[in-house]
Amino acid sequence: MKSAKTIRFASMLLWGIFSLFLVSTNALAQTAKVSGTITNQRTSAPVPGATINVKNSTRYTVSDDSGKFSIEAAASDVLVITSIGYSPEEVNVGAGNLTVHLNESNNQMEDVVVIGYGVQKKKLVTGANLQVKGEDLQKQSTTNALQALQGQAPGVQITSSSGQPGDGFNVIIRGKGTIGNSGPLFVVDGVQGVNINSINPADIESIDVLKDAASAAIYGSQAANGVILVTTKTGKYTQKTQVSLDAFYGIQNSPKKAQLLNAKEYAIIMNEQAINSGKSPYFTNEEIDKLPVSTDWLDQMFVKNVPTQNYVLNVNGGNAGSMFSTSMGYTSQGGIVGGSDLSDYQRYTVKLNSEHKLYQDIVKLGQHLTVNNVNSHGIATGGQYSNSLRSAFSTTPFLPMYDSSGDFFRSDNLPWNPGKVGDPQWDNSVSNPYASMAYNSNSRNNTQNLFGDAYLLIEPIKGLKLRSSIGVNYWSNQGRSFRPVYHLSIFDKNDTSTVNQSMGSGRTFQFDNTLSYDFRVAKDHSFSVMAGTTAINTKGSGLSGSNWDLRVADLQHAYLDVAQNRAAESDHLSASGGPFEDALLSYFGRLQYNFQEKYLLNATFRADGSSKFAPDQRWGYFPSISAGWVASRERILQDITWLNFFKLRGSWGRVGNQSVPAYQFLAPISFSQASYIFGNTEGLNTPGAYPSRLANPKVKWETSEQTNIGFDATLIKRLNISFDYYIKKTKDWLITAPILATAGADAPLINGGDVQNKGFELALNYHNTIGKDLNYSIGANGSYNKNKIGNIPTNDHIIHGNTNVLFANSLEFYRAANGLPVGYFWGLKTAGIFQTVEEVNSYLSKTGKVIQPDAKPGDLRYMDLNGDGIIDNSDRTMIGNPNPDFIFGFNVSLDYKGFDFAVQASGVAGNELVKSWRGPGGRGNYTTEILDRWTGAGTSNKIPRVTEDGANWAQFSDLYIYNGSFLRINTITLGYDFSRLVKKNYLSRVRLYASVLNAFTFSKYFGMDPEVGHNEGFSTGVDVGYYPRPVTMLLGANIRF
Amino acid sequence: MKILKIYIPVIALLSLAACKKSFLDTEDVTSATEQNFYKTQSDAYKALVGVYDGLQRTGSSGSGLAVVATEVMSDNAFGATGNADGFGFQMIDEFDKLRSPSDVDMFGDNWTVYYKAIYRANMLLSHLDNVDWKGNDNLRKAYEAETRFIRAYCYFDMVRVWGNIPLVTKPTTENLPQVNPDEVYKLIATDLKFAAANLPATGYAAQVPANFGRVTKWAAEALIGRVFLYYTGYYGKPDLVGVVSKTEALAGLEDVINNGGFGLVDEFAKLWPAASLNNYIGENNKETVFSIRYTYTSDWNGNVDGNHWMVMMGIRVQAIYPYGLGWGGATVNPKLWNAYNANDTRRNASIISIDGESLDFKNKKDQREYTGYYTKKYTPMADAAGVSLAEKMGGVSFMIGQFQDFVSIRYADVLLMAAELGSPNAQTYFDNVRKRAFGTNFVQIPVNQANIMNERRFEFAGEGIRYWDLLRQGITVAASTIAETTTVENGGVSTVKTISASKITETKGLSQIPYSQITLSNGTLKQNAGW
């Protein structure tokens, strides 16, 4: 039924297109040869490669190296001259022999920006959106577009989830609006949900971020966390074919390394711990002086000079009837922890974009297509139990890396604390962290993505456009991993080799249709109306299996078929597989109006239906309205010479969020993980079933409402200012709120809870010229955001954070609660350290009770906030906020006679981090921070005494909290364009450059990288062994033919 | 005309998207829903297995309530655990909230997993009428009996631990207050009576081995005896909330003894893998009246089939053949070791003596409340090379892959309960248990309440029974028996340990209600006294 309809539709469409060919073309007017010269208005230099097009015809030519051109045109014709980096000019042919001066397009207001389902002149935009040009991204020489965007987009906080290549990014636009999925919607060339990490930054023409609800509302239910639109490079009609090669090669090293105790310092601390715990010291001074081993485990984990490289060959071109852009790219980046053997990312991309005029300017057919293949493998960069780096911080420096035969040192079969003079002392539970990482990081993952669309654009009468497109996003992945037999310690061992293999694939089909009409009424009233529909269906399945005992136990042979499955008792082959599907159907419309480009109005409406909700809750409605006033066009302001442009904007809109697991409206019966053993055979389970979750048939959209006021201004022609103030309120959160245990099953998602983000954003950009040749520009942007939860709909108004995060059996330490920011750190406040027994005994409650009777001098003094004389949970409060108050970025760039220099920086301020690299107590190593511990009255009021039970670290207190503010110099680049020296006319650009990425970081944080992007539940900034970003030095080239 | 031709596809495009009602209907084909499940006999069986799985999961997380925590609460064992661990187990051991004020949810997971088990049972019970039984009424009754037994079993655990709990008999999300314990006992008694009346009287020898682990009539009758003794003892009542009289309780036990086909295994040590090694009698032995079954297939992805609490009681992070390593919780109180008669074979079968067995234990520095004794009945095991038996068998980890069943009701318990309830054969039952323990050194002592209680202490040490036996003799007896001041070694350093009687009387021996549940209930749930 469905397919029959599709076929009927397709044949109708084809017939429709075909019929258009039957219409004949117009006759040509009388023409003659016209010639002229194109020059730069400012420098009077000739402009080569500019396109000269006779308006309303297909005739075009390109200016030569001296800016000269000639073309067939009638005296009444108009020539349209365009060139990259210049504002377009239109000139009347008239008598011919023209000299055209092009203005460099440094006025951003003339640019066109991408909005949902269309483009708009920046000066007419009434919402809060921003555009970052592809070249500004490429200048950052990163392998990933999001990393390049960091610091360039005010109001957009981007942190990488780890420094490992290929790991993802957290993108938060205008503060966290939910404790659920807070990432924005990515739309690449109109295709939704594409993984932006799979795109080579060099293929990107621009990234547009829709921040306020009015801009994003055209994407309705998926836009609550903002929308990021990526446009890949296309060719241009009547453009000379241009070949460009962009390449860089660099080496990466670790940033500042954490300072751990060496063997001697460690032995001293261990002795002191023992003494403070009522024991005799472990080592004599003589032994301490003769310690044979002092391993710095971080030195073992990090590898030096790990390569990173990126090559993209791009060809753009077009004639009067077709245009195209084709590129091929290769990227590879190794990880600095363990090097390329253990962590590596390789990406191959092919991009094919084209558009063809099927019939004059009336019917165009085009497509976008990107295909890529990513090979990656890596170490574990997650929480405390899945983090390869973490144990390096706490492993004793006594443990050697290798044994006498050159194998990784094993602690499990060694005598226990031999205690002889000079002998190392260790525990049989201590494991070589490097070896453990090497044994447990044997995996290969391979992902293919294919995304793009085919579209038909019909403009039967001027201004009326029908666009129909079929988009596809297909992905498939294959992964396998292998664990060899090894023994490192009594806990860290594997007795039988194991293998895992997994595969999955899925696709999204997206069918978009829009109809738009641009028209004027009475010359001054410009209208643009658009209506459209979208239907999206995502479907796919995954399969994974594991087995053990490989016939050939190495990574190359790590396939299920190589496993012998020789098990003492039973079958070890396990397999699982299942499908996923969801669908979204949408109708939307937009009205844009302006009066003389002075008064602007914009309204959108979208209706979305989602398969994720019950039939009666499916539809959500998302309106928006915005208005602008270009004050600088008012006559009275036109005389102010320093004010070139001023626009005031205001908007309001409502958007939604539906990125939650499907079927929450049903109560599922789970058939997995419900078995029980009957009979006498161990391992032989009888499968069962159980009701796993309660249903919530009322679950519906999460909505976010946002009001935005802002302005854009250009002063003295050189200074651009953009300012926005916003209030974003997200309500009806889709959350799994805790329910009473007596309900007996897992909680379904409910709608409840709200959060308000309030803030402002400011972006400044100034550019000028010194003398004739030195151009410079300075940009600065910053944003302030305040995040506050309104109400959480549970009885205690709290959503509790995870336990077991900071160390084994650690208790809750972050929360979401009324009136406080999302994921705030919840713990005890300290007021220094007890210096003497008298201080302990005189620390009394109002009723005269000793508050910490068990404390000893050197222990933390916890604040008894409720004054009841007991330190317990009611004394815990907000001791840190993981959400920054400010995020900011700076950039400076200069160019002088072919030289260019740029610095780009970004940072955050006003947030706190939690660092926990070891559990309390025990005999793990410490960082050198512990050298400042309390050792007697007056020695420290900050770091408490050390004990074997680590009592001062057992409670989560501000001892764990660090200032998270930092400023990072992301990129420093120096380049020179050698085409000035070579002067070959086929070479338009031969720029070579050198860059340093992540050059300096200014921070008070003791960890290795203050930009801790690892998420713990709905909180962030928790460093349990964070993989730092590398410092990269690279050389690159941009060559254009 | 031209315009019209263009509009045809436009209209087609728009109408295509507009009229697809089914477009938004997707289906999860891998799971069923409440609406389409509970229809066939096969569905009902799967749901019943799910109920057993729910029962098994009550021991999977939290503080190992059935054995670990109850042994710690009793005078058999101390809290112990690692020397750098939190003080939660000391809080349990000493009934003192101030020992670990931050541990407000020490039993939070336990509370949750028990109510999950009850939810599974209630869901099946409330859907039994939806199942097409095809006239097989006995099957329906049997499933209902098994389900109600498990529900009663869970409630009995909970009502003993917390005393005051909400009673859920139908699936509900309501914020229910705690009820009078009598109401809980009424449900337990009626559920168990139903189970005893509706399960077939198949003797041990005639049971199908493949069904080993299923609830039997005998399990129901034995549990009635246990509930009767506890309720009448702790609450000082003459009968079990008017539902079961003493005569009925005894009659049930005698039925188990006369018709159940059970018997005592000849040597006490053979009941316990670590005590008997190759001589272990096996799980489906004639002394197992009811056990919660475990196997090694637990993994970190949510499959919970193993004995997750046993690792708590293993020797602190050191495998010493034949014992595997564990976390060193519930170190055995030397008082218990010393109370055994030297001829009692149960001492060495129940307790690991580090010095007595000349075990080279080197990890005192890591062990809190070291006493020199660990539990032997339930302890992880390893081979001579120190490799965990659970892992050798294929378990993912020794922490979750322990496969030793929890034998909840042994035939010896049935004999001693019958003796305690005044069976005419009391002396014989009592002697039989003691004869097995003492072998050729057996000397008869008279059967009486004091001797039975004493014998139960030795017979069931480490099985999670002692604490309830103490409580049912009254709070005063329990408090004075458990209270003590002694010396233990914390990380190798001699430390004074005090358990005060006042804390036990203050709390009435009940445990802390999880604070997170109290706050979630907005105060509808009330905390127990002393917590």
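How many residue pairs are in polar contact across the interface of chain B and chain A? The rule finds 22 such pairs, with both residues at pLDDT 80 or more; a polar contact is a pair of N or O atoms within 3.5 Å, where within protein one must be able to donate a hydrogen and the other to accept it, and residues adjacent in sequence count only if both atoms are side-chain atoms.

This is a predicted model, in which local features need pLDDT of at least 70 and side-chain atom pairs count only at pLDDT 80 or more, while totals for chains, interfaces and linings use all residues. Residues are numbered from 1 along each chain as its sequence is written, and side-chain values use heavy atoms, leaving out hydrogens and water.

**View 1. The interface of chain B and chain A as a whole.** Chain B brings 101 residues to the contact and chain A brings 102 (heavy atoms within 4.5 Å). Together they bury about 8600 Å², with 65% of it on carbon and sulfur atoms (accessible area, 1.4 Å probe, lost on being put together and summed over both parts).

**View 2. A salt bridge between Arg618(A) and Asp25(B).** The closest N and O atoms of this pair lie 2.8 Å apart. Across the interface, the rule finds four salt bridges (a side-chain nitrogen of Lys or Arg within 4 Å of a carboxyl oxygen of Asp or Glu).

**View 3. Strand 32 of chain A beside strand 1 of chain B.** These strands (DSSP E runs of at least two residues, numbered from the N terminus) pair in the antiparallel sense over two bridges; pairing requires at least two DSSP bridges. Here Ile669(A) has Ala32(B) as its bridge partner.

Definitions and conventions:
Chains lettered and ligands numbered in written order. Buried area = accessible area lost by both parts, 1.4 Å probe. Helix = DSSP H or I, 4+ residues; strand = E, 2+ residues; numbered from the N terminus.
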